[in-house]
Amino acid sequence: MDYISSRGQASGISAAEAIIKGIAPDGGLFVPEYIPRLTEDIFSVMEGWNYQERARHILACYLLDFTESEIKQCVEGAYNSKNFNDERIAPLVKLGDNKYILELWHGPTCAFKDMALQILPHLMSTSMNKTGESSEIVILVATSGDTGKAALEGFSDVPGTRIIVFYPEQGVSEVQKRQMMIQEGNNVYVAGVRGNFDDAQTGVKSIFSQEDYNQLLQQKQMRLSSANSINWGRLLPQIVYYISAYLDLRQGGSIKPGDKINIVVPTGNFGNILAAYYAGQMGLPVGKLICAANSNNVLTDFIKKGIYDRNRPFEKTISPSMDILISSNLERLLFEITDHDAGKVKAWMEELRSRGNYDVGPAVYQQVVDYFWSDYCSDEETIATIRKTWQEDHYLIDTHTAVAVNVYEKYLKSTGDHTLSVIASTASPFKFGSSVAQAVLPPEMMAGGNEFELLYRLEEFTGVRMPAAIRGLENRPILHKTICQVEDMQNTVSQFLNLE
Ligand SMILES: *Cc1c(COP(=O)(O)O)cnc(C)c1O
C-alpha cells in the first residue's frame, strides 16, 4: 500500500518513506491510499490472540513494505513486560454495565503517548534500513507535555537518531516538566519555550518547512523528522488498542459479533480519536465517536456547527495535554470524509492559516455529525468528576480521563443512548497528581504540600499505588535547563546540533 498527501502533491510513497519523512513536502499529512478491512472471520480468530499478535496483524495491513519478521521485532521490542507494567498492555476496566475504561497508561511515562512512541523508534529504524537512509534522523517534537517525555523515552540512545523536544515552559505540570528535565541519553535535547503549545507547534512546523535550513542539515548528513501525531507511524499503533478492546469485550461476552460500541476520547490534537475513526473504517462496529474537549473547545464547536474557528483565547486548564487550538489530525479526517478531495482540504488549511477559520459546508458537515458527537468540560467539572468517580466507583482517574467521563455523562443525558461505551483513559492519575489530590483529599491533607509531596499523600489516602516511573522523580538530577523564545527555536536547534 502506498501513502499520499492530504494536500495532493505527493503520492506513491512507501510506508517506510512516510514514517521517515513524518510530514509531506507540501505541508500535508500522509494518509494510506485506502483503508484495509477486517472481516468478521478475522475478528473471530483475533479474539483468541494477545495484544502483540493483534498488533502484528493490524500493522501488517498498513506496512506492506515491511516483512512479517520486521513487524514482529518492532511489536515485541515495544510491547513487552520491560516497558509496560501490565501484561495485557491496554487493559479494560469495567465501571458499570455499559461503561468501560480503557487504560492506556501502563507504559514507561504513564500516559497514552507511550502506546505509539514505544514502537515508533523501532518502525523508524526499520524504515531507515529499508530505504538505505544514510543521514542521521533528527526528531523534532513540540509537546503539550506527554509526547515530549514519551518521545525522549522511546528515542533515547536509538542509533542513527537524535531527538529535540520543545515544551511550553509554563504550560506543563511539575511532574511532566521534571520527567523531561531529567531525561538521560546521549542523543536527547530538551528546551522550554516562552509561549503556549500552539506557539511551539507552529515553531516546529516552520522549521520543517524552511527549505534552506533543511538543505543545510542535509549537507551535515542530518534529516528532520517528526514524532508528533502528524507522523503516520504514531497514528497506526493507536488503531490497535481500539480493535483490541473491542475483541476483549467480545471475548468476555459483554458484546456479540455485530454489536456496536461507542468510544469516548479526551481530545487535543485529534490523533487518538482519529485512530478510533480508522478502527471503525477497518470494520470495528462504532456507534458514535464522542469527542471530549476541555474549555479549549474548538473541536466541540466544529462538531456542533461545521465551522472550525481558532480565533478565541487560549485557556490554560488542568488537562494541559488537551490545551490545543489547532488540531492537526483533523486534516486527515477531512481528507477521508471528502473522499480524498485534496483541493478542498488544502483550501481549508490555507484559510485556517490566513484567517484562523474555515467552514466545511453542509454536505461534509453531515458526515461529521454522522460519526461524531462532542461536548466539553470545565476545570470545575473536571475536579467534580474525579471526586465523584472516586466516591462512587472507588476508581481514581486523571484530569484528562475525567474530561472524557464528564462528557460521556453529558452524552447520556442528551441522547439517552446506553450503547456499551469504552472511555479512553489517557494518563495515570499520578501524572496530574496535584489536581487529583485537590479533588479527593480532605482539605487538611492539602495544606503545605508541593506537587511531589501531594503525590505521596494521594497514594497514602487512596491506597492506589503510584507508578514506579513517578516515585522519586523529585530527587533525580536535572540535566536540561535550556529556555528559549519562540523566535529562537531554530537557533536553538542549530546550537543543539552544533551547526555553527
Ligand atoms: C496527548 C494527550 C491527549 C490528547 O490526545 P490527542 O491525540 O492529541 O487528541 C489526551 N490526554 C492525554 C493525557 C494526552 O497526553
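# Exercises on buried positions, helices and the ligand site

N231 has a relative accessibility of 0% and therefore counts as buried (under 20% relative accessible area; exposed is over 50% and partly exposed lies in between, with a 1.4 Å probe and protein chains only). The model is predicted, so local features need pLDDT of at least 70 and side-chain atom pairs count only at pLDDT 80 or more, while totals for chains, interfaces and linings use all residues. Residues are numbered from 1 along each chain as its sequence is written, and side-chain values use heavy atoms, with hydrogens and water left out.

## Exercise 1: the surroundings of N231

Locate N231 between its flanking elements, and state which residues it touches.

Solution.
1. N231 belongs to the loop that joins β8 (222-226) to α11 (232-251). Helices (H or I, at least four residues) and strands (E, at least two) are DSSP runs numbered from the N terminus.
2. The N231 side chain makes a polar contact with the backbone oxygen of S226, at 2.8 Å. Such a contact is a pair of N or O atoms within 3.5 Å; within protein, one must be able to donate a hydrogen and the other to accept it, and residues adjacent in sequence count only if both atoms are side-chain atoms.
3. Leaving out residues up to four places away in sequence, N231 touches A18, I19, G22, L120, M124, S225, S226 and R332. Contact here means heavy atoms within 4.5 Å.

## Exercise 2: K21 and N231

How far apart are the C-alpha atoms of K21 and N231?

Solution.
1. K21 is part of helix α1 (residues 15-21).
2. With 25% relative accessibility, K21 is classed as partly exposed.
3. Although K21 and N231 are 210 residues apart along the chain, 8.0 Å separates their C-alpha atoms.
4. Beyond its neighbours within four places in sequence, K21 is in contact with F30, R223, L224 and S225. S225 is also among the residues that N231 touches.

## Exercise 3: two enclosed helices

Why are helices α8 and α13 described as largely enclosed by the rest of the structure?

Solution.
1. In α8 (residues 174-181), seven of the eight residues are buried, so this helix is largely enclosed. The buried residues are V175, Q176, K177, R178, Q179, M180 and M181.
2. The cover over the buried residues of α8 includes α7 (146-155), β6 (161-168), β7 (188-194) and α21 (451-462).
3. In α13 (residues 298-305), six of the eight residues are buried, so the same description applies. These are V298, L299, T300, D301, F302 and I303.
4. Elements covering the buried residues of α13 include β10 (286-293), β11 (307-309), α14, β12 (357-359), α16 (361-371) and β13 (372-376).
5. G306, just after α13, has a positive phi of about 80°.
6. L299 of α13 is also one of the residues touched by T267.

## Exercise 4: two buried threonines

Which backbone oxygen does the side chain of T267 reach, and which one lies by the side chain of T385?

Solution.
1. T267 lies in the loop between β9 (261-266) and α12 (271-282). Its relative accessible area is 5%, so T267 is buried.
2. The T267 side chain reaches the backbone oxygen of V265 at 2.9 Å.
3. T385 lies in helix α17 (residues 379-393). T385 is likewise buried, because its relative accessible area is 5%.
4. A polar side-chain atom of T385 is 2.6 Å from the backbone oxygen of E381.
5. Not counting residues up to four places away in sequence, T385 touches I397, A402, V405 and N406.

## Exercise 5: positive phi values

Is I89 buried or exposed, and in which loop does it lie? Answer the second part for H340 as well.

Solution.
1. Most residues other than glycine have a negative phi.
2. I89 is not a glycine, yet its phi is positive, about 70°. I89 sits in the loop between α4 (68-78) and β3 (92-96), and is buried at a relative accessible area of 1%.
3. H340 also has a positive phi, near 65°. H340 sits in the loop between α14 (330-337) and α15 (342-355), and is partly exposed at 28%.

## Exercise 6: the ligand

Which of the 15 residues around the ligand come nearest?

Solution.
1. K113, D146, G268, N269 and T426 come nearest; a residue is near if one of its heavy atoms lies within 4 Å.
2. A ligand oxygen is 2.4 Å from a side-chain N or O atom of D146. An oxygen of the ligand is 2.8 Å from a polar backbone atom of N269.
3. A ligand nitrogen is 2.8 Å from a side-chain N or O atom of T426.
4. The ligand taken alone exposes 380 Å², of which the protein buries 98% (Shrake-Rupley method, 1.4 Å probe).
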